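Me: I've got a model open and want a quick walk through it. Can we start with a helix and then move to the ligand and the pockets?

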Amino acid sequence: MDITNLKTPCFILDEAELVRNIREFDTALHSKFNKSFIGYSVKTNALPYVLRLAKDNGCYAEVVSYHEYSLALKVGFDKRHIIYNGPLKSKSTFLQAVGDGALVNVENWREIEWLRDLPKGRRYGIGIRLNINISKISPEDAACDDDDSRFGFSFESGEFQQALKKISSIGNIDVVGLHSHREPKTRSVSFYRHVISYVANIVSQCQLHLDYWDLGGGFFGIMSGKPTYQQYVDGFYEALPTSLRDVTIVVEPGNAIVASAFDYRMEVIDVKHHDGKIYVCTDGTRNDVDPFFRKTDYFKDFVLTNPKERPLADLPQVISGLSCLEYDRLFQLPAGSVALTPGDIIVFHRVGAYTMALSPLFIHYFPNVYVSSPSGLLLIRKEWNENNFIIGNNY
Ligand SMILES: *Cc1c(COP(=O)(O)O)cnc(C)c1O
């Protein structure tokens, strides 16, 4: 298989890049913390091949639903190498995970009630998620005036303390973990330092004896001008009081591991002229690379047919997708750019995070996914067709 004749649209995973991201983050963590590990955020990109690479390179699976929990087990993660977060746990998978020694962070009251149903006669460790309001803890990193969170128990409201009391009243449950995930708009190092100072104070006031502290995700990947994994880790270390530097440090990166590892390729299929513009239609869709329709630009390249003798367009070019959504437009090229023509390929870089995991099955089903690996270019997910779509239906 050759990169120039892949069926478009398609994603391409760069295996070496994904592995490099994991190893560099892990090396940074271990430079400061003997006890530390990465929980790969499954929701960021749950492609089974990615999960298998994460597992083979020492990551735990960080899951936020009973579906993801079962998927992680199916892909082969050790049942103790799972971090189970979020409100979408089922009771049976919750009890199973706690019993199996996974890292389970309770998110709400019903999970605390479920703990009563664990077999008595042995002790269990549990983690708890703390509510983080970015505006209160690190206002310069807030996305708005009240950058609050739906998740975790709030110390300010007193519910965090009530939750601890309730857990301890059960008798055989120890709170051994703390989860403090928030995703600041800025992804700044100082945000994590502020969270650590805030949480450390609560750990001390509540006299918690932690085995692990899960700092969550929200980091930049390797990108010029952005903080490095090492700068984040140095920030954690400096902000942590000495008494807490022995606690196992967990991070849950998604974006920082997977974003840069994926490209997306689409091909120009047609060109039309009207309203003072050139409408360039491709066989891809914005649903695949920007499912929230919020990006203003992309890391992109063009692979042109006959690159040498290409005329320039005297009008702006609107690059659009194949779907019948009027707004499926990806970007515009100003007048004076190379005039795109059928057969040209547009390559989008750094599109591994919150893209294919969020694509709707609108008109066009999931595209082919290839991996470029030491064994060459291989198909790792075949394009979905009507048979995949119809599974489980009665009609
Ligand atoms: C989404 C999420 C992450 C990953 O966030 P990134 O920005 O992709 O690093 C980690 N932990 C939890 C609990 C999450 O919900």
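Reply: In helix 2 (residues 48-56), Y49, V50, L51, L53 and A54 are buried. Buried means under 20% relative accessible area, exposed over 50%, and partly exposed in between (1.4 Å probe, protein chains only). Helices (H or I, at least four residues) and strands (E, at least two) are DSSP runs, numbered from the N terminus. This is a predicted model: local features need pLDDT of at least 70, side-chain atom pairs count only at pLDDT 80 or more, and totals for chains, interfaces and linings use all residues. Residues are numbered from 1 along each chain as its sequence is written, and side-chain values use heavy atoms, with hydrogens and water left out.

Me: What phi does G58 take, just after helix 2?

Reply: A positive one, about 90 degrees.

Me: On to the ligand. How many residues surround the ligand, and which are the closest?

Reply: There are 17, each with a heavy atom within 4 Å of the ligand. K43, G218, E252, N255 and Y354 are the closest.

Me: What's the class split in that shell?

Reply: Two nonpolar, nine polar and six charged residues. Ala, Val, Leu, Ile, Met, Phe, Trp, Tyr, Cys and Pro count as nonpolar, Asp, Glu, Lys and Arg as charged, and the others, Gly among them, as polar.

Me: Which polar backbone atoms sit 2.8 Å from a ligand oxygen?

Reply: One belongs to G218, and another belongs to N255. On the side-chain front, a ligand nitrogen is 3.4 Å from an N or O atom of H181.

Me: How much of the ligand does the protein bury?

Reply: 94% of the 390 Å² that the ligand exposes when taken alone. Accessible areas come from the Shrake-Rupley method with a 1.4 Å probe; for residues, only the protein chains shown count as cover.

Me: E252 came up. Which side chain makes a polar contact with the side chain of E252?

Reply: N85, at 2.8 Å. The N85 side chain also makes a polar contact with the side chain of E62, at 2.7 Å. A polar contact is a pair of N or O atoms within 3.5 Å; within protein, one must be able to donate a hydrogen and the other to accept it, and residues adjacent in sequence count only if both atoms are side-chain atoms.

Me: Is N85 buried or exposed?

Reply: Buried, because its relative accessibility is 0%. N85 is in strand 4 (residues 82-88).

Me: New topic, pockets. How much space lies in the second largest pocket?

Reply: About 290 Å³. Of its 15 lining residues, K272, Y279, C281, S320 and E326 are the closest to its centre. On a 1 Å grid over the protein atoms alone, a pocket is an open set with protein on both sides within 12 Å along at least five of seven lines, and a cavity is a set of points where a 1.4 Å probe fits but cannot get out; lining residues have an atom within 4 Å of a point. Grid points are joined across faces, edges and corners, and a volume is the space filled by probe spheres set on the points.

Me: Which strand gives the largest share of that lining?

Reply: Strand 10, with four residues.

Me: And cavities: how many of 30 Å³ or more?

Reply: One. The largest cavity has a volume of about 70 Å³. Its lining includes T285, D288, F362 and H364.
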